[in-house]
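Here are my notes on this model, set out as numbered points. Keep the structure open beside them as you read.

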Amino acid sequence: MAVEHSTGTSAPAPGDQTRIHNIGYRSYDGPRLGRAYARRSLYSQSLRGSYGLGRSVKSKVLPMLLFVVMCVPAAIMVAVAVATKANALPVDYTRYAVIMQAVISLYVASQAPQSVSRDLRFKTVPLYFSRPIETADYVRAKFAALASALFVLTAAPLLVLYVGALLAKLDFADQTKGFAQGLVSVALLSLLFAGIGLVIASFTPRRGFGIAAVIAVLTITYGAVSTLQAIADAQGSGDAVPWIGLFSPITIVDGVQSAFLGATSASPSGVGPSTGEGVVYVVVALGLIAASYGLLMRRYKKVGL
């Protein structure tokens, strides 16, 4: 018969097994840079991301390719003007962005979802708002970043045209005036397209859906408006042509520059809106920009909850 022998020791109490280890966590004693620094950082990172900087090589291909596509026609025009000693550039500064609007639309469609859809898809927006940054800071940084990226895309070929015109020894005053008018036009276009693109992209976390939706809004509206303007002009209803132009972003920009910047209208009749009608165009353009900002604010207040 087996006999159990006691060892004379008892099991340790649960409390005796508890230990507190100092693993070196310390509080942050450095400077608190605050909301302004966070907003600037988000702006710079978003702007860099619009051209794939700081990201993979694959992310750089499309934006850089579109940038080159925007600038190459301008370089060719400059080369022809210098070689033939032309008295004027083949295209006005204010006309260039309208001609290249398909490339601009593709850029907006590719980069607006990249700017906001990824944050929605991976649910990182609440993490932004857990820091000093607020909804207004996030929206302003994203809006300003995409608008700045668009301005770089559209202003760069104008700069190429301007430098080439000076090399061709065209009139300095005329070229400087046209260049300044072109910059005003593309600045308005950048704000308008950035606002519309971000609003559309902010409603879907899927980048592919965002790209398709932005392309549809920017290209289908332009095609529909151009067709209706052509029909109205062919039927002798020329007075309706300027009002039809209010239903497409690119024709809104074209109407503003035709009314106030001395540009030739891209409408089928070639006649832009009058000064009074141009005021309506300006109000609609600014209203769309303000409405885009307001919609983004409402959207991200809901997302950040």
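1. Residues 143-167 are 100% helix and 0% strand, with end C-alpha atoms 36 Å apart. Residues 179-201 are likewise 100% helix and 0% strand, and their end C-alpha atoms lie 32 Å apart. Helices here are DSSP runs of H or I of at least four residues, strands are E runs of at least two, and both are numbered from the N terminus.

2. A word on the source: this is a predicted model, in which local features need pLDDT of at least 70 and side-chain atom pairs count only at pLDDT 80 or more, while totals for chains, interfaces and linings use all residues. Residues are numbered from 1 along each chain as its sequence is written, and side-chain values use heavy atoms, leaving out hydrogens and water.

3. Both of those spans carry the UniProt feature "transmembrane region" in an unreviewed entry, which also places it at residues 61-81, 208-232 and 278-296. Positions follow the numbering used here, feature names are shortened, and such annotations may be inferred rather than shown by experiment.

4. The chain has 11 helices and zero strands. Its C-alpha trace spans about 120 × 45 × 40 Å along the principal axes. The radius of gyration is 28 Å, where a compact globule of 305 residues would have one near 19 Å; this is taken over C-alpha atoms, and the globule rule is 2.2 Å times the number of residues to the power 0.38.

5. Helix H11 (residues 275-303) is a nice one to check: its 29 residues should span 42 Å at 1.5 Å a residue, and the end C-alpha atoms are 42 Å apart, so the two agree. The expected span is 1.5 Å times one less than the number of residues.

6. Which helices do the buried residues of H11 pack against? They meet H4, H5, H6, H7, H9 and H10, with contact meaning heavy atoms within 4.5 Å. Among the buried residues of H11 are Tyr281, Ile289, Leu296 and Tyr300. Buried means under 20% relative accessible area, exposed over 50% and partly exposed in between, with a 1.4 Å probe and protein chains only.

7. Tyr300 is also among the residues with the most contacts inside the largest nonpolar core, which has 67 residues. Such a core is a set of buried Ala, Val, Leu, Ile, Met, Phe, Trp, Tyr and Cys residues joined through side-chain atoms within 4.5 Å. H6 gives the most to this core, with 15 residues.

8. Phe193 is another of those well-connected core residues. Leaving aside residues up to four places away in sequence, Phe193 touches Ile104, Ser105, Val108, Leu150, Leu218, Pro249 and Ile250.
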